[in-house]
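Please open the model in your viewer and keep the selection tool at hand. We will move from the whole chain to a core, then to one helix, and finally to a single residue.

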Amino acid sequence: RATKGAALSLKSRVLLYAASPLNNPSNDQAKWIRAAEAAHEVIELNQYSLVDNYRNLFRSINNNEIIFARSYAASNGLERNNYPIGFTGAVGGTNPSQNLVDAYQTANGLSIAEDPEYDPQDPYANRDPRLQMSIIVNDSDYKGRKVETYRGGLDGYGQARASKTGYYLKKYMDEGLDLLQNRSSVHTWIYFRYAEILMNYAEAMNEAFGPDAIAEGFTISAREALNSVRQRPGVTMPGITSASAQEFREEIKNERRVELAFEEHRFWDLRRWRDAEDILSQPIRIAVIEKNTDGSFSYSYQNAEERIFL
């Protein structure tokens, strides 16, 4: 059943889209203010909060972060279609790109290009925890064994239907299902959750007033809203410190990309920002992983597919 919170959340998303460059080419500030007010209405309900466990959020039927969701009858189709190929009965269908993996910051709150401590030969160490809560990476623990997305591994190149990118989907998956026994569980698709509302608010407030101003009628700044999403227990990423509205805008864009990964926001976000022609025309990148004789791994990265977005 749709609640008041669900209706106000829809209003928040609609007004954010209406204020965005695609639909607001003159950058009418009144539209950004209305979008901020709509998100603030949801915040002021005091009914919703960020849950402590980002990984379990997407396996939950109901919690304080979910505003509007649909629960499905017990099934295992999602797991059968997306478990790494080395598990019996799995198809390994969704292959996250290296482009997305690279978007996750280091634990220092920097991009991998900016952080001198980032090691491309140990690429998953000291990264935003949401990376391995959303994506299965090589040599990580899953369903009782190490995932092998390296060349010749159980889940890697050379196996039929193996991931073409070196990665598999983890978000939404019930790790505990035994496909051989045809076990199943209930799944939930989230239409609106509180983290989106906070990021809607942060974006609209930043465009209307900047990262730190709290105009009359509002209670938190854009920075406070965005950093609360980054600093939920279990994620605890450093706060965004960008000073200018322009820099903060880019931080918001990346934050939405990683926080809302696989939740059907990215295409529409890129379109409303008028970034789609640039970003969706970039090549799809993959990780090519080799296992060395000493048990370590060598990583190289390459373009695998050209894309054109008109």
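**The whole chain**

Begin with the chain as a whole, where, among the contacts with a separation of 6 or more, 66% are between residues 24 or more positions apart. What you have on screen is a predicted model, and its chain has 11 helices and 8 strands. If you look along the principal axes, the C-alpha atoms fill a box of roughly 65 × 45 × 40 Å. A compact globule of 310 residues would have a radius of gyration near 19 Å, and the chain has 20 Å, which agrees. Now switch on the surface: about 14500 Å² of the chain is exposed, with carbon and sulfur atoms supplying 49% of that area, while 48% of the 310 residues count as buried.

**The largest nonpolar core**

Next, select I67, Y194, I197, L198, Y201 and L226, which are the residues with the most contacts inside the largest nonpolar core, a set of 33 residues. Colour α1 (4-19), α2 (29-44), α7 (194-209), α8 (222-230) and α9 (245-259) as well, since these are the elements that give two or more residues to this core. Of these, α7 gives the most, with 10 residues. In soluble globular proteins, nonpolar side chains tend to be buried together.

Stay with Y201 for a moment and show what surrounds it: not counting residues up to four places away in sequence, Y201 touches A36, A39, H40, I43, F218, T219, I220, S221 and A225. Apart from this core lies another one, of 23 residues, which you can find by selecting F58, I136, V147 and I190 among its members.

**Along α7**

Return to α7 and select the whole helix, which is mostly covered, as 15 of its 16 residues are buried. How far apart are the end C-alpha atoms of α7? They are 22 Å apart, and this agrees with the 22 Å that 16 residues should span at 1.5 Å a residue. Just after α7 comes G210, whose phi is positive, near 95°.

**A stop at S185**

Finally, select S185, which has its place in strand β6 (residues 185-193). Is S185 buried or exposed? Its relative accessibility is 12%, and because buried means under 20%, S185 counts as buried. Show the side chains here, and you will find that of S185 making a polar contact with the side chain of R59, at 3.2 Å. Leaving aside neighbours within four places in sequence, the residues in contact with S185 are R59, A73, A74, S75, D174 and L177.

Definitions and conventions:
Residues numbered from 1 in each chain as written. Predicted model: local features only at pLDDT ≥ 70, side-chain atom pairs only at ≥ 80, totals over all residues. Heavy atoms only, no water. Core = buried A, V, L, I, M, F, W, Y, C linked by side-chain atoms within 4.5 Å. Buried < 20%, exposed > 50% of the residue type's maximum accessible area, 1.4 Å probe, protein only. Helix = DSSP H or I, 4+ residues; strand = E, 2+ residues; numbered from the N terminus. Contact = heavy atoms within 4.5 Å. Expected span 1.5 Å × (residues − 1). Rg over C-alpha atoms; globule rule 2.2 N^0.38 Å. Areas by Shrake-Rupley, 256 points an atom, 1.4 Å probe, with all protein chains shown as cover. Polar contact = N/O pair within 3.5 Å; in protein donor to acceptor, adjacent residues only side chain to side chain.
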